[in-house]
Amino acid sequence: MEIAQNTVVAFHYTLKNDSGEVLDSSEGREPLTYLHGAGNIVPGLEKEMAGKTEGEKFEVRVDSTEGYGEVQPALVQEVPRDAFQGVDNVEPGMQFQAQTEGGPLLVTVKDVQGDTVTVDGNHPLAGEALNFDVSIQEVREASAEEVEHGHVHGEDGHEH
């Protein structure tokens, strides 16, 4: 069966940056499973998956515009230290969920200078090309419930 709209795909992957550094991998874990056409994986990879079949292996480079997007300077902001009430020691690398006008946003602390904390709401891989090694493990038709909900359900059905 070919990967197409409303198919469930299970695949193993290794993700590297342009320097060849491994950023993520499913090695040693269960394959990643998603509903094709529902926007559950980065757009560039989903586009490359279309038409592939179980057992296929391929490599693909996804530009940042079809991955996690370009870096948006407006998402880097300085906020007062007292915005982190209840956190004794705010350090670079820490992540927090910020409440914004557009809803919740995961931010990463980039710098702390006195009473000022610089946070970045961009995805950590924004602005980077993504290099995937992919191995398709399984392709099947999605159930009506999976299509309706926009994501894959586990072996025992509905899990949320």
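Okay, let's start at the N-terminal end: strand S1 (residues 7–16) and strand S2 (residues 22–25) run antiparallel, and 3 bridges join them. By pairing I mean that DSSP finds at least two bridges between the two strands. Strands here are DSSP E runs of at least two residues, helices are H or I runs of at least four, and both are numbered from the N terminus.

Before I go on, the housekeeping. This is a predicted model, so local features need pLDDT of at least 70 and side-chain atom pairs count only at pLDDT 80 or more, while totals for chains, interfaces and linings use all residues. Residues are numbered from 1 along each chain as its sequence is written, and side-chain values use heavy atoms, with hydrogens and water left out.

Back to that hairpin. S1 and S2 have 5 residues between them, and glycine 20 in the turn shows a positive phi of about 90°. If you want to find the register, threonine 14 has serine 25 in S2 as its bridge partner.

What about a positive phi at a residue that is not a glycine? Look at asparagine 6, with a phi of about 65°. Most residues other than glycine have a negative phi. Asparagine 6 sits in the segment before S1, and at 25% relative accessibility it counts as partly exposed. For the cut-offs, buried is under 20% relative accessible area, exposed is over 50%, and partly exposed is in between, using a 1.4 Å probe and protein chains only.

Now the salt bridges. How many turn up in a search of the whole structure? There are 5, where a salt bridge is a side-chain nitrogen of Lys or Arg within 4 Å of a carboxyl oxygen of Asp or Glu. The general idea is that side chains of opposite charge can pair when their charged atoms come close.

Take glutamate 66 and lysine 47, whose closest N and O atoms are 2.9 Å apart. This pair links distant parts of the chain, with glutamate 66 in the loop between strand S4 (57–62) and S5, and lysine 47 in helix H1 (residues 43–49), 19 residues apart. Glutamate 66 is partly exposed, at 30%.

Next, arginine 61 and aspartate 63 meet at 2.8 Å, N to O. Arginine 61 is partly exposed at 46%, and aspartate 63 is partly exposed too, at 43%. There's a third player here: Asp18 is linked with Arg61 and Asp63 in a network of salt bridges.

One more from that list: aspartate 24 and arginine 29 form a salt bridge, with their closest N and O atoms 3.5 Å apart. Aspartate 24 has a relative accessible area of 31% and arginine 29 is at 47%.

On to the other hairpin I want to show. S6 and S7 pair in the antiparallel sense over 6 bridges, and the hairpin between them runs through 2 residues. Phenylalanine 96 has valine 107 in S7 as its bridge partner.

Keep valine 107 in mind for the pocket. Which residues lie nearest the centre of the largest pocket? They are Val79, Ala98, Gln99, Val107 and Val119, from a lining of 15 residues. A pocket, on a 1 Å grid over the protein atoms alone, is an open set of points where a 1.4 Å probe fits, with protein on both sides within 12 Å along at least five of seven lines, and lining residues have an atom within 4 Å of a point. The space inside comes to about 360 Å³. S5 (76–80), S6 (95–100) and S7 (103–113) each supply at least two lining residues, and S6 gives the most, with 5. The lining divides into 11 nonpolar, 4 polar and no charged residues.

Just ahead of S6, methionine 94 lies in the loop between S5 and S6 and is partly exposed at 28%. Methionine 94 and glutamine 77 are 17 residues apart in sequence and 15 Å apart in space, C-alpha to C-alpha.

Compare leucine 130 in strand S9 (residues 130–141). Leucine 130 and glycine 114 are 16 residues apart in sequence and 36 Å apart in space, C-alpha to C-alpha. Is leucine 130 buried or exposed? It's buried, at 0% relative accessibility.

Last stop, histidine 153, in the segment after helix H2 (144–149). Histidine 153 is buried at 7%, and its side chain makes a polar contact with the side chain of histidine 149 at 3.2 Å. That term means a pair of N or O atoms within 3.5 Å; within protein, one must be able to donate a hydrogen and the other to accept it, and residues adjacent in sequence count only if both atoms are side-chain atoms.

Technical notes. Points joined across faces, edges and corners; volume = space filled by probe spheres on them. Nonpolar A, V, L, I, M, F, W, Y, C, P; charged D, E, K, R; others polar.
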